[in-house]
Structures are given as structure tokens and as C-alpha cells.
Amino acid sequence: MNENEMNNMEEDIIVFEDEDGNEYNYSVVDYMFYNGEEYALLVETSEEASEDGQQECIICKIVAEQDEDGEESESFELVEDESLGQKLVEIFNTKMAEDGEEEE
């Protein structure tokens, strides 16, 4: 994929809501499969995160769902298993480093 194709890709924005009703926007950075499951690396896109230069990263498992009309959709479930989360972070970091080397 060249730079123009990357710039033309639509950014996937996922909105999460906490128990108090506060909404948080996350942008999907990358997707990957691990042990037959699909995962996504997301970074927070709020104005507060961009002001201080620190963005929170989360990893979510992508779960395929089907509604009562038979329509398929995907939902994002936060990975709460700490050891799995650490392993996925390592894999995403390695993958992104390798992708960066290929662009040079």
C-alpha cells in the first residue's frame, strides 16, 4: 500500500461509553489475527489526549454478531486478560516496527 492509498483510507473511529455515560473516541491503528481471533489496536483521539501528547492505547477483540434481522456486525470487546494483553502489545509493536522498516 502506498502513501496515497493510506491517506485515502477512512479512519475507523470507535466510541466507548463508561458507566457514567462519558464517551471516549478511539481510532483503530491496526488489526491482526492471533490464535484464530481478530484484535484491534486503538488509540484515544480526544482533544485532551492530543494536547498533552499522550494517547491511551487499548486492545480489543473483534466479535462478529448477528442481529434479529440476520445482519452481521462487529463489536469491540476490551481485552481484560492482562497476560494476553501484554502478549498482543508485544506483537503489535513488532508488527508496527517491521512495517516501518519496509516503508524506508
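## A tour from the Tyr-34 pairing outward

Begin by selecting Tyr-34 together with Glu-37, since in this predicted model Tyr-34 stands opposite Glu-37, a residue of strand E3. Extend the selection from there to the two strands, E2 (residues 23-34) and E3 (residues 37-44), and follow how they run antiparallel, joined by 8 bridges.

Next, widen the view to the sheet that holds this pair. Its 5 strands lie in the order E1-E2-E3-E4-E5, the sheet is open, and the pairing is antiparallel. Select E1 (13-17) and E5 (72-78) to see the edges: each of these strands has a single partner strand, and therefore one side of each is left without a neighbour in the sheet. If you then turn the sheet in the viewer, compare the directions of adjacent strands, which are turned by 45 degrees against each other on average when direction is ignored. As background to what the display shows here, strands of a sheet pair through backbone hydrogen bonds, in either a parallel or an antiparallel manner.

Now return to strand E2 and select Asp-30, which is found within it. Is Asp-30 buried or exposed? Its relative accessible area is 14%, and because this falls under the 20% limit, Asp-30 counts as buried. Show the side chains around it, and look for the polar contact that the side chain of Asp-30 makes with the side chain of Lys-95, at 2.7 Å. Leaving aside residues up to four places away in sequence, the residues that Asp-30 touches are Tyr-39, Ala-40, Leu-41, Phe-92, Lys-95, Met-96 and Asp-99, so that Lys-95 appears both in this set of neighbours and as the polar partner, while Tyr-39, Ala-40 and Leu-41 belong to the stretch 37-44 of strand E3.

The cysteines make a useful next stop. Select Cys-57 and Cys-60 and display their surroundings: Cys-57 is partly exposed, with a relative accessibility of 49%, whereas Cys-60 is buried, at 0%. How many disulfides does the structure hold? There are 0.

Finally, clear the selection and colour the whole protein chain by secondary structure. The chain has 3 helices and 5 strands, and reading along the sequence gives the pattern α-β-β-β-α-β-β-α. Of the 104 residues in the chain, 24% are buried. With a surface displayed, the exposed area comes to about 8100 Å², of which carbon and sulfur atoms supply 40%. Among contacts between residues at least 6 apart in sequence, 31% join residues at least 24 apart.

Note on methods: Residues are numbered from 1 along each chain as its sequence is written. This is a predicted model: local features need pLDDT of at least 70, side-chain atom pairs count only at pLDDT 80 or more; totals for chains, interfaces and linings use all residues. Side-chain values use heavy atoms; hydrogens and water are left out. Helices (H or I, at least four residues) and strands (E, at least two) are DSSP runs, numbered from the N terminus. Buried means under 20% relative accessible area, exposed over 50%, partly exposed in between (1.4 Å probe, protein chains only). A polar contact is a pair of N or O atoms within 3.5 Å; within protein, one must be able to donate a hydrogen and the other to accept it, and residues adjacent in sequence count only if both atoms are side-chain atoms. Contact means heavy atoms within 4.5 Å. Two strands pair if DSSP finds at least two bridges between them. Axes are lines fitted to C-alpha atoms, for helices over the stretch in contact, and angles run from 0 to 180 degrees between N-to-C directions. A disulfide is a pair of cysteine sulfur atoms within 2.5 Å. Accessible areas come from the Shrake-Rupley method with a 1.4 Å probe; for residues, only the protein chains shown count as cover.
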